[in-house]
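User: I have a model open and want to go through its sheets, its domains and the ligand site. Please keep the answers short.

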Amino acid sequence: MAATLIDGKAFAGKVRGQVAEHVARLKEEHGITPGLAVVLVGEDPASQVYVRSKGKQTVEVGMNSYEHKLEADTPEADLLALIDQLNNDPAVNGILVQLPLPKHMNEELVINSIAPEKDVDGFHISNVGLLGTGQKSMVPCTPLGCLMMLRDHHGSLSGMDAVVIGRSNIVGKPMAQLLLGDSCTVTIAHSRTKDLPDVVRRADIVVAAVGRPEMVPGDWIKEGATVIDVGINRIERDGKNVLVGDVDFASAAERAGAITPVPGGVGPMTIACLLANTVTACCRAHNLAEPEGLTA
Ligand code: NAD
């Protein structure tokens, strides 16, 4: 392997350490403990695992965690009433509604009912607009984690050619906005892109967020490029269940200058950035200085 491994697990540990330090300072100097409320509707097993992990890490960095579990058939009005209550609770600085929601609920309506300043997932339409216009916002956690790793590796990203594969609202589009904000020349590629290999071959930075196991082979990667693999795909290999990314790691690592692994790359950064967003939201709520390096 020629590429430098970008170790998201270690980086996430560092981010959590910075968050914990800031939380300790908020408590000591201002008597404030940031709080994150996570709302889970239904019993989706993957969502249950995520919510448990988020709650555990929230407590580990010294913040208060509030978990709200609702039955799968809860009326939408009840969820909206809970969000309204959390919006008005000064002990709650961040609100996260775990997606996906049951089919009878309107996700857009629910997300847009969260107070934008407490929207630590950065999905509220106001935050989308603020990010798109380069204003202070809550930034979606996964792209924020990717940006932090890229900045850490490169310092300045100014002038670099970046290709984001995938145009989802939660990863691809905000990732492209963040790279543009750091003065990259950005291309968003997607399922209808013509000649994807050629588009990817031009990129100094490749962010793959598609959800297709190992679809980006090494020969699409420009020599020395930085590859950030957001994909999390469960496949069976040699009779075992394994996790792989959207990039064929072995062949891409031969050509890339730096690459994130799956698992252990972008994944751990996502929850670390959720904690970072919560402490940022708490500082903004109290008009206090925000922690440095934990926002976009
Ligand atoms: P999505 O399904 O909403 O979007 C996928 C995008 O890929 C679409 O915009 C589509 O146009 C594009 N696409 C599909 N087929 C393509 C093709 N053949 N060529 C080019 N583009 C194609 O997915 P998402 O929510 O953005 O997630 C993408 C991946 O990232 C998934 O594997 C998901 O599990 C993973 N993910 C990881 C984290 C994390 O914390 N690491 C967070 C969110 C998502």
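**Sheets, domains and ligand site**

Analyst: An open sheet of 3 strands runs in the order β3-β2-β4, with parallel pairing. This is a predicted model.

User: Which are the edge strands of the sheet β3-β2-β4?

Analyst: An edge strand pairs on one side only. In the order β3-β2-β4, that applies to residues 64-70 and 94-97. The edge strands are β3 and β4.

User: What does the twist average from one strand to the next in that sheet?

Analyst: The pairing in this open sheet of 3 strands is parallel. From one strand to the next, the twist averages 15 degrees.

User: How many bridges join strand β2 to β4?

Analyst: Strand β2 covers residues 35-41 and runs parallel to β4. Valine 39 stands opposite valine 97 in β4. The number of bridges joining β2 to β4 is 4.

User: Which residue stands opposite threonine 4 in β11?

Analyst: An open sheet of 6 strands has the order β1-β11-β8-β7-β5-β6, again with parallel pairing. Its edge strands are β1 (4-5) and β6 (185-189). Strand β11 (residues 258-259) is joined to β1 by 2 bridges. Opposite threonine 4 stands alanine 258.

User: How far apart do the C-alpha centres of domain 1 and domain 2 lie?

Analyst: The domain assignment gives 30-116 as domain 1 and 141-268 as domain 2. Between their C-alpha centres the distance is 29 Å.

User: Which residues come nearest to the ligand?

Analyst: The ligand has 22 residues around it. They divide into 10 nonpolar, 10 polar and 2 charged. Nearest come Arg167, Ser168, Val230, Ile232 and Thr270.

User: Which helix gives the most to the shell around the ligand?

Analyst: The helix in question spans residues 266-285. It contributes 3 residues to the shell. The name is α10.

User: How many Å separate a polar side-chain atom of serine 168 from an oxygen atom of the ligand?

Analyst: A polar contact is a pair of N or O atoms within 3.5 Å. A polar backbone atom of isoleucine 232 lies 3.1 Å from a ligand oxygen, and one of valine 230 lies 3.5 Å from a ligand oxygen. For the side chain of serine 168, the distance is 2.5 Å.

User: What percentage of the area that the ligand exposes alone does the protein bury?

Analyst: The size of an interface is often given as the accessible area lost when the parts come together. Taken alone, the ligand exposes 860 Å². Of that area, the protein buries 72%.

Terms used:
Residues numbered from 1 in each chain as written. Predicted model: local features only at pLDDT ≥ 70, side-chain atom pairs only at ≥ 80, totals over all residues. Heavy atoms only, no water. Near = heavy atom within 4 Å. Polar contact = N/O pair within 3.5 Å; in protein donor to acceptor, adjacent residues only side chain to side chain. Areas by Shrake-Rupley, 256 points an atom, 1.4 Å probe, with all protein chains shown as cover. Nonpolar A, V, L, I, M, F, W, Y, C, P; charged D, E, K, R; others polar. Domains from an automatic or database assignment. Pairing = 2+ DSSP bridges. Axes fitted to C-alpha atoms, helices over the stretch in contact; angles between N-to-C directions.
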